[in-house]
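Here are a few notes from going through the model, mostly on charged pairs and helix packing. Have a look at the structure first, then read on.

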Amino acid sequence: MKLSKDEKVVLYTMLKFKDIPIGMLGLNKLLYDCELNSVDLNGKTLTNLDFIHYNLGPMVKELYDIVRKFADFDKKNYIYGEEIKEEEDTSNFTVKKEYLNNDIDFDFSEEDKKILDNVLDEWLDRCTQGRIPMSSLINVAYMTEPLLETPFNEKIDLMKYGKNSQISEVLIHHKEMKQIIKNAKKYQNELLDFIDG
């Protein structure tokens, strides 16, 4: 089976995390982190995937169709009126057996493979008890310049930043943001008085 480079990057990522449930949300964020690092270090993206600024951060519309080629989604039941219905659970998927034992020639350039391995292995090392630290992964996606500067529902243009732009750097960590919000709530009246002059 001939795979596009986008499909190879997605499958490579899925295989790295084959024993750790990441779901579609985690996969989107892992790919985004890889792209941030690729643009920052190599001045180019790894794929032609378009990340859109959605409620859940950067998401790729066509990713679901790509993943479906390589994985089966778990099923979940829900009640609709008096009927019990079944639907795909995008929070968990299992890589199909034919891709687990297949000797796939990913044929990545040395620099692309280095980016993928460095980013993905770093996240693998951070996994505990068979789980990816999703809040940290989401923080990386949310608190980076490209996402913060892109209006909601629009494509995130990573290439406008270019090489050595430090776009892979997290601007503020979620714990710091929580403290800022806590202090803002605590001193809300004083802040409003100051703003109103």
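1. Let me start with Lys16 and Asp121: their side chains form a salt bridge, at 2.7 Å from N to O. Lys16 sits in helix α1 and Asp121 in helix α5, so this pair ties together parts 105 residues apart in sequence. Bear in mind throughout that this is a predicted model.

2. Are these two partners buried or exposed? Neither, quite: Lys16 is partly exposed, with 23% relative accessibility, and Asp121 is partly exposed too, at 29%. The cut-off for buried is under 20% relative accessible area, so Lys16 at 23% does not make it.

3. Now the helices that carry this pair. The axes of α1 (residues 5–16) and α5 (residues 110–126) come within 10 Å and cross at roughly 30°. Angles under 35 degrees count as roughly parallel, so α1 and α5 get that label. The crossing is right-handed.

4. Which residues make the contact between α1 and α5? From α1 there are Lys5, Val9, Tyr12, Thr13 and Lys16, and they meet Asp112, Lys113, Leu116, Asp117, Leu120, Asp121 and Leu124 of α5. Sorted by class, that contact has 5 nonpolar, 1 polar and 6 charged residues.

5. Another salt bridge to check is Lys44 with Glu111, where the closest N and O atoms are 3.6 Å apart. Lys44 is in the loop between α2 (23–42) and β1 (51–54), while Glu111 is in helix α5, and the two are 67 residues apart. Lys44 is partly exposed at 26% relative accessibility, and Glu111 is partly exposed at 38%. This pair also belongs to something wider: salt bridges with shared partners join Lys5, Lys44, Glu111 and Asp112 into one network.

6. Helix α1 has a further salt bridge, from Glu7 to Lys69, at 2.3 Å from N to O. Lys69 lies in helix α3 (residues 63–70), so to speak across the sequence from Glu7 in α1, with their positions 62 residues apart. Glu7 counts as buried because its relative accessibility is 9%, whereas Lys69 is partly exposed with a relative accessible area of 42%.

7. For the overall tally, a search of the whole structure turns up 8 salt bridges. Among them are Lys16 with Asp121, Lys44 with Glu111 and Glu7 with Lys69. As background, side chains of opposite charge can pair when their charged atoms come close.

Conventions
Residues numbered from 1 in each chain as written. Predicted model: local features only at pLDDT ≥ 70, side-chain atom pairs only at ≥ 80, totals over all residues. Heavy atoms only, no water. Axes fitted to C-alpha atoms, helices over the stretch in contact; angles between N-to-C directions. Helix = DSSP H or I, 4+ residues; strand = E, 2+ residues; numbered from the N terminus. Parallel < 35°, antiparallel > 145°, perpendicular 65-115°, else oblique. Left-handed = near helix turned anticlockwise from the far one by under 90°. Contact = heavy atoms within 4.5 Å. Nonpolar A, V, L, I, M, F, W, Y, C, P; charged D, E, K, R; others polar. Salt bridge = Lys/Arg side-chain N within 4 Å of Asp/Glu carboxyl O. Buried < 20%, exposed > 50% of the residue type's maximum accessible area, 1.4 Å probe, protein only.
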